[in-house]
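Reader: I have a structure open and would like to talk it through. Could you take me around some of its features?

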Amino acid sequence: LAPRPTQTVPCYCPVYLADSCEERVQRKTGDCGEEAHAQLANDHSKMEHLIPVINKLQDVFNAVGGQQIDLPQIVVVGAQSSGKSSVLEHVVGRDFLPRGSNIVTRRPLILQLVHVPASGGDSKYEEWGEFLHKPNEMMHDFKKIRDEIEAETNRSCGPRGITSAPIRLRIYSPHVLDLTLVDLPGLTKVPIPGQSPTIVEDIRNMALQFITKPNAIILAVHAANTDLANSDGIQLALEVDPNGERTVGVITKIDIMDKGTDALDMLKGRVIPLKLGYVGVVNRSQADINSGKSIRDAIKSESEYFSSHPLYRSLASTLGTSFLTKQLNKVLMDHIRDNLPELKHKINKMMMDAQREMDSYGGDGDLQITPGGQLLNIITAFSSAYCDAIDGKIRELSINQLYGGARINYIFQEIYTKCIDSIDPSQLSLDDIRNAIKNVTGTKSSLFVPEESFEQLVMTQVGRLEDPSLDCVDHVHKELMKIVEQLESKDLQRYQVLRARVIGVVHNLLRDRVQPTKEMIQNLINIEKAYINTTHEDFIGGGQAIGKLFEKMAMQKQEEARQGQQQQPQSGFGAPQQSGFGAQQSGFGAPQQSGFGAQQSGFGAQQSGFGAQQSGFGAQKSGFGAQGQPQSGFGAPAQVDRLQRPPMSLKAQMSQMTDKEKFEVELIQNLISSYFDIVRKNVGDSVPKTIMHFLVNGSKSMIQNELVKELYREDQFSELLSESPHVAERRRNCRELLGALKKANDVLTDVRDYNVSRV
């Protein structure tokens with residue numbers, strides 16, 4: 001047999017027009033051959049899986065609220081009463097959309113058509129609808145579907161409002177092809193009473209929200225009895241698709257055009273060209289609807305109208321609802337095919353993210369691990385994360401603020417160190433030092449500086465370091481508690497009961513470590529108090545302190561002398577500026593306050609007779625030496641003196657200190673400052689080390705053992721490892737999303753080499 005000649009004419013095998021893949025295989029018209037037809041059917045069968053997968057992805061994204069992909073879908077736009085709803089009902093083949101005057105569609109309706117094989121039984125149960133907000137509720141009565149759309153619309157936006165929140169409806173039928181369509185409210189120009197004054201702009205913005213997406217196919221519906229140049233739907237589509245590359249025009253109401261007019265120019269793209277072309281349809285009239293004419297009968301009448309019309313019968317094969325449905329199916333699959341590389345890339349990325357999230361919930365591998373092993377893994381991971389947070393080994397280091405161990409170091413270096421450095425032992429008043437000196441000498445008067453007063457005062461100043469040191473322990477303890485609460489362990493988020501128990505155990509561990517730490521710090525302070533090491537190499541010592549004090553006193557004397565010389569008069573015999581023989585400030589070289597012992601006198605008292613009220617021969621307030629005599633003369637009668645009671649509180653007064661006492665006070669003050677600096681350095685170095693050893697490192701080394709000891713009990717496994725309802729829901733959503741993404745990826749991989757041009 002001679003080989004079959006090479007095909008030179010296009011094959012008219014209606015692959016897209018057939019009802020099933022099996023029928024396509026059976027059609028062997030033309031010169032295609034059985035093998036070619038089988039290959040075509042196989043390729044198109046693969047493509048047919050794309051639309052259901054896209055629909056599934058849309059449902060999953062909506063349910064789980066995850067990251068959205070701009071999935072291909074057909075968006076229906078058009079002016080109010082242009083016939084949008086009738087077109088959709090003809091595509092579905094059933095009455096299911098609300099009808100009425102004014103704006104009926106007030107929410108986007110995402111309509112997913114799913115082709116199912118005919119069961120051969122009651123046709124009533126071959127078609128049904130399911131709403132996403134009512135999962136697993138099959139509605140075979142399409143009147144109930146219409147009622148539910150109206151009710152859901154009113155629940156969301158009231159009787160006259162609009163909203164962009166979509167209603168999702170899936171219709172299963174053997175009489176539909178796989179399609180995804182979005183029905184939007186009809187474009188209008190003037191709001192009616194009771195509607196929002198911004199409703200015109202709101203509907204326009206809602207439509208733009210859907211058709212602006214690059215993967216959206218625009219189905220622009222226009223009534224044939226109006227000028228195409230004034231079409232609201234076409235104009236809006238061309239705003240976002242100026243070249244008409246993803247816009248399909250639908251011309252409705254062709255049968256009611258004025259006599260002498262036709263739609264040929266519009267259908268052939270002569271007015272406003274679109275690359276995807278125009279499809280003319282004839283919908284049911286209001287009289288047909290009132291008479292109960294079914295949509296299937298209307299589609300037959302539509303086919304007869306175009307095939308018998310003298311102007312349209314040459315185009316009859318490209319007109320009508322059946323062709324529109326198959327054309328939309330083809331355009332949608334072509335559009336999906338063109339976007340396969342980008343779509344596959346996005347799905348792969350989402351798969352990786354979903355897989356990581358699933359792994360954080362334990363994945364499905366937890367089923368293969370015993371509860372005890374799973375609990376030990378969680379405890380080990382938490383303990384390691386706690387230690388890493390302190391040591392600065394966490395993977396995701398924050399660059400906005402300090403965290404973990406860095407905050408503890410800040411407490412040591414910035415808060416604690418600066419606090420103890422600000423303690424000034426020289427703030428101890430000279431009166432306090434003198435009181436201490438007198439107290440330690442008891443009833444005696446000291447000949448030398450008493451060493452006991454120095455030790456007593458030093459211990460008092462050293463005790464001032466205790467409170468800041470104990471506060472430092474509390475601050476570090478709070479930081480460790482904060483680390484525990486902020487550890488982002490996905491396992492602990494998954495098991496809320498276990499998380500609460502883990503935090504409770506660690507809190508108890510840290511609290512138990514606080515007391516030994518504080519006791520050790522108190523011991524450090526007591527150790528410094530227990531032995532005053534005056535032989536320390538950094539201590540100034542008695543001799544050095546006295547030498548420095550003498551130097552200070554000499555400098556003060558020199559300064560006083562210099563100031564006295566600046567105030568010394570230039571004339572006189574050494575007499576002060578104001579003087580007299582018995583003046584208040586005497587001449588003859590007498591001191592400023594002198595006489596024969598008088599308080600303020602020249603040779604005699606400032607105000608006196610020989611026994612005046614204020615002195616004669618040196619008595620402060622006396623006649624002839626009597627004290628407290630209000631009026632006395634030479635021979636006044638004596639009165640018996642009474643002692644005053646000492647006050648309840650006695651303090652040494654600086655104004656009554658002798659030069660020796662001033663020297664002692666300043667000497668002890670210098671010794672205290674020198675020795676306190678030594679102790680402050682020792683304590684400032686030892687306290688952070690103590691906190692690190694007893695509290696921080698102690699908790700790090702004990703945390704895992706403590707958690708195992710308190711939590712690893714077989715009778716508590718089921719309670720500790722029970723997932724919270726929120727996490728369980730997230731796990732289910734993640735598993736569903738991951739399954740849909742994997743299925744989509746498999747389908748996309750299987751059809752990536754498919755080329756529609758082969759058809």
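**Pockets, rings and a few residues**

Author: Helix H4 (84–92) and helix H9 (286–291) each contribute at least two residues to the lining of the second largest pocket. Please keep in mind throughout that this is a predicted model.

Reader: Which helix gives the largest share of that lining?

Author: The largest share of the lining of the second largest pocket comes from H4, which supplies three residues.

Reader: And what volume does the second largest pocket have?

Author: The volume of the second largest pocket is about 640 Å³. It is lined by 27 residues, and those closest to its centre are Ser81, Ser82, Gly83, Ser86 and Arg99.

Reader: OK, how many cavities of 30 Å³ or more are there?

Author: The count comes to one cavity of 30 Å³ or more, and the volume of the largest cavity is about 30 Å³. As a general point, rolling a probe the size of a water molecule over the atoms shows where empty space is left.

Reader: Which residues line the largest cavity?

Author: The largest cavity is lined by Val76, Val77, Gly78, Lys84, Leu184, Pro185, Leu187 and Ala207. Strand S1 (residues 73–78) gives the most to this lining, with three residues.

Reader: Let me zoom out for a second: how many helices and strands does the protein chain have?

Author: The protein chain has 23 helices and eight strands. It contains 759 residues, of which 43% are buried.

Reader: What about the area that the protein chain exposes?

Author: The protein chain exposes about 42,000 Å², and carbon and sulfur atoms supply 50% of that area. Turning to contacts, among those in the protein chain with a separation of 6 or more, 76% are between residues 24 or more positions apart.

Reader: Switching to aromatics, how many aromatic pairs are there?

Author: There are five aromatic pairs by the rule used here. In one of them, the rings of Tyr305 and Tyr312 have centres 6.5 Å apart and planes at 40°, so this pair counts as tilted. Ring pairs also link Tyr305, Phe306 and Tyr312 into a cluster.

Reader: Why is that pair called tilted?

Author: The planes of Tyr305 and Tyr312 are at 40°, and the pair is tilted because planes under 30 degrees apart would count as stacked and those over 60 as edge-to-face.

Reader: Are those two tyrosines buried or exposed?

Author: Tyr305 is partly exposed, its relative accessible area being 22%, whereas Tyr312 counts as buried at 2% relative accessibility. The cut-off matters for this reading, because buried means under 20% relative accessible area.

Reader: What lies over the face of Phe210?

Author: Lys213 lies over the face of Phe210, at 5.8 Å from the ring centre.

Reader: Next one, where is His335 found?

Author: His335 is found in helix H11, which covers residues 321–338, and it counts as buried at 14% relative accessibility. Once its neighbours within four places in sequence are left aside, His335 is in contact with Pro72, Pro214, Asn215, Ala216 and Ile217.

Reader: Last one, where does Gly269 lie?

Author: Gly269 lies in the loop between helix H8 (264–267) and strand S8 (278–280). This glycine is buried, with a relative accessible area of 18%. The C-alpha atoms of Gly269 and Gly249 are separated by 9.3 Å, and these two residues are 20 residues apart along the chain.

How values were computed: Residues numbered from 1 in each chain as written. Predicted model: local features only at pLDDT ≥ 70, side-chain atom pairs only at ≥ 80, totals over all residues. Heavy atoms only, no water. Phe/Tyr/Trp six-rings, centres within 6.5 Å; stacked < 30°, edge-to-face > 60°. Buried < 20%, exposed > 50% of the residue type's maximum accessible area, 1.4 Å probe, protein only. Lys NZ or Arg CZ within 6 Å of the ring centre and 35° of its normal. Helix = DSSP H or I, 4+ residues; strand = E, 2+ residues; numbered from the N terminus. Contact = heavy atoms within 4.5 Å. Areas by Shrake-Rupley, 256 points an atom, 1.4 Å probe, with all protein chains shown as cover. 1 Å grid on protein atoms, 1.4 Å probe; cavity = no way out; pocket = protein on both sides within 12 Å on 5 of 7 lines; lining within 4 Å. Points joined across faces, edges and corners; volume = space filled by probe spheres on them.
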